[in-house]
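Good morning, colleagues. Please look at the model on the screen while I go through its confidence, its aromatic pairs and its salt bridges.

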Amino acid sequence: MKTKNLDLENIIFTTLNTVFLVILAAAMVYPLLNTLAVSLNDGMDTVRGGIYLWPRIFSLQNFRVVFHMDTIYTAFFVSVGKTIVIVATNLFFTSMLAYTLSRREYIFNKPITVIFVLTMYFNAGLIPNYMLIKNLNLLGTFTVYWLPNVISAFNLIVIRTYIKTIPESLIESAKIDGAGDFRVFMQIIMPLCVPTLATIALFVAVGSWNSWFDTFLYNSSKQNLSTLQYELQKLLASTLSAGGAQGGGANSAAQSGASNATTPQSIRAAITIVAAVPILIVYPFLQKYFVSGLTIGGVKE
Amino acid sequence: MGSGAATNTRKRSFWSVVSGQRELILMSVPLLLYKVLFSYVPIGGWTMAFQNFKPAIRTWYKQQWVGFDNFVKLFTGLNGERFIRDIGNTLAQSLLTLVLGYVCSIVLALLLNEVKNIGFKRVVQNITYMPHFLSWIIVAGLVSTALSVPTSGGIINTVLMGLHIIDTPILFLANPGYFWGIVAGSHLWKELGWNTIIYMAAITAIDPALYEASDMDGANRYQKMWNITLPCIKSTIVILLIMSIGNVLEAGFEIQYFLGNGLIVEKSETIDIFVLRYGIQMGNFSLATVAGMFKTVISILLITGANFISGKLGEEKLI
């Protein structure tokens, strides 16, 4: 009798739990699937409503319009270029500094570490940072995308922790053979750090791809330096019907969209897909690494 | 004489160490100067708080110095009403987000832990982690669509009307009463799955012998959750909670900035948006700097406090 009750309880719990988790997963994935369906549906038809998971009148017109907008086209390449430069500079400089801070004999080890770690916990604020960029004459330049992001303190700690696990004898024997610290870093440390650096590269790339605030704050007057996320933001601002307080206003993207038998709503869906697809492509690679990445981050001295 | 010689050797040895480590120095000191320029020099901009700052005046010390006038202005009159309201909004939104996010991610981790089918578990995990990687712009767009009227793809209204809970669509983004919930809900959607990772890792580390022993004693599922799993992950829960104290003035930015509008501004505007509107859009750099300073100083106090509590509780110190 007792076991029967337990079995019944077990079945009820497992069923309810499964149903709940399926609903939850559906809630996570539905908005994107719906956006995909809208982006592949005829723009005028979408306005009638009732598009859920599947396009009613299939059409590639929205994507055709998006890829024919010069603004989106340049923005796509700026986003890609910015991501590549940030990943390259960030990984190189962060791991170079991490190597020097992993050397126990280095006399400036402690003060440099403290100065970098403190920056994780405070920020001068929006206006002073803006004034600095302005005074350095970096407003409206490509440089402003990567230069302020060359080192991240958190990744610095992660890489340093990893370098410290590399056997000292490897470094010593290279030094006996006459290699200097820079050569040790380039030829021994970098190759051994590839798994960690790959993980960090993916996270840095996602962060860079997803960022829009730097474009908005520093480069909003330069159309040729606009990024995909910023173009999406402008479109979002102009299609939110109640968005009276927004700064975006009507913009060329939405207008040129309307003249091609599409609607701002459909164009927005198409740009959302264009902005999300690179993330969804790297996602399988990311998820292979992120759990280990998170646990490395937890190891801190 | 003797002490002079000793100082000399120490000096010489310091410089010989420096010259022996010149490569390390060349590899790190330029990056240190870089960091000082981009993270510490801007703190000098806090002097704007004590000036009536005009960007047209290029020489810093020729600005008009006004003492604490801007601090008084920030907390009195119309500015003061607006700023204090924004502090309230920031705190309310971030606490709601925090509490909802905590409870839900712990519950989800417990539920996932009960799933015996590894394949199903992995699929659910991977789907729920995914929104974490989408940008806030995309999320804001998806949220605004989901909350709109049914003909614009407003799935929430569609479901509520389908279940006959409401007869006419709710205009979520035109009614201030819903906004805090919308902020917390958006964060929940984006980060729920991601936040379970750390709890799942903690649960995996629990000794299976504890569960076996309780099976012998005839404990049921809920008794095991309550008396074994939760106590075993308690220290993870506590340390994460303490760490988030320092971020309590970070309520997020994008959801409030994109979805906030004239109708609901009384509930949507946060400190960050106040700084952006006064500083970048209205050109009142001084007042915006004071507001930003206020936020940074409070955050540092909170982090120091959290660090202290963390040390008292015998947990790892954060700094």
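I shall begin with conventions and confidence, then turn to rings, charges and the surface.

This is a predicted model, in which local features need pLDDT of at least 70 and side-chain atom pairs count only at pLDDT 80 or more, while totals for chains, interfaces and linings use all residues. Residues are numbered from 1 along each chain as its sequence is written, chains are lettered from A and ligands numbered from 1 in the order in which they are written, and side-chain values use heavy atoms, with hydrogens and water left out.

For the complex, the predictor gives an ipTM of 0.85 and a pTM of 0.87. Chain B has a mean pLDDT (the predictor's confidence in each residue, from 0 to 100) of 88, with 94% of its residues at 70 or more. Within chain B, helix α1 (residues 2–20) has the lowest confidence, a mean of 69, and helix α2 (residues 22–40) the highest, at 95. Helices here are DSSP runs of H or I with at least four residues, numbered from the N terminus.

Now the rings. Rings of Phe, Tyr and Trp (its six-membered ring) pair if their centres lie within 6.5 Å; planes under 30 degrees apart count as stacked, over 60 as edge-to-face and the rest as tilted. Over all chains, the search finds 40 aromatic pairs. A:Trp212 and B:Tyr257 are a stacked pair, because their ring centres are 6.2 Å apart and their planes at 20 degrees. This pair crosses between chains, from the loop between α11 (194–210) and α12 (213–218) of chain A to helix α12 (residues 254–259) of chain B. Both A:Trp212 and B:Tyr257 are buried; buried means under 20% relative accessible area, exposed over 50% and partly exposed in between, with a 1.4 Å probe and protein chains only. The two rings also belong to a cluster linked by ring pairs, whose members include A:Phe213, A:Tyr230 and B:Phe258.

How are the planes of B:Phe83 and B:Phe294 arranged, stacked or edge-to-face? They stand at 75 degrees with centres 5.5 Å apart, so the pair is edge-to-face. B:Phe83 lies in helix α4 (residues 77–114) of chain B and B:Phe294 in helix α15 (residues 285–312) of chain B, so the pair ties together parts 211 residues apart in sequence. B:Phe83 is buried, at a relative accessible area of 0%, whereas B:Phe294 is partly exposed, at 23%.

Next, the charges. A salt bridge is a side-chain nitrogen of Lys or Arg within 4 Å of a carboxyl oxygen of Asp or Glu, and by this rule there are 17 over all chains. A:Lys82 forms one with A:Asp214, with the closest N and O atoms 3.5 Å apart. A:Lys82 lies in helix α4 (residues 70–102) of chain A and A:Asp214 in helix α12 of chain A, so the pair ties together parts 132 residues apart in sequence. A:Lys82 counts as buried at 2% relative accessibility, and A:Asp214 counts as buried at 13%.

A:Glu168 and A:Arg103 form another salt bridge, with 2.9 Å between the closest N and O atoms. These two residues are linked with A:Glu105, A:Lys175 and A:Asp181 in a network of salt bridges.

Finally, the loop between α2 (43–46) and α3 (61–68) of chain A holds A:Trp54, which counts as exposed at 71% relative accessibility.

How values were computed: Helix = DSSP H or I, 4+ residues; strand = E, 2+ residues; numbered from the N terminus.
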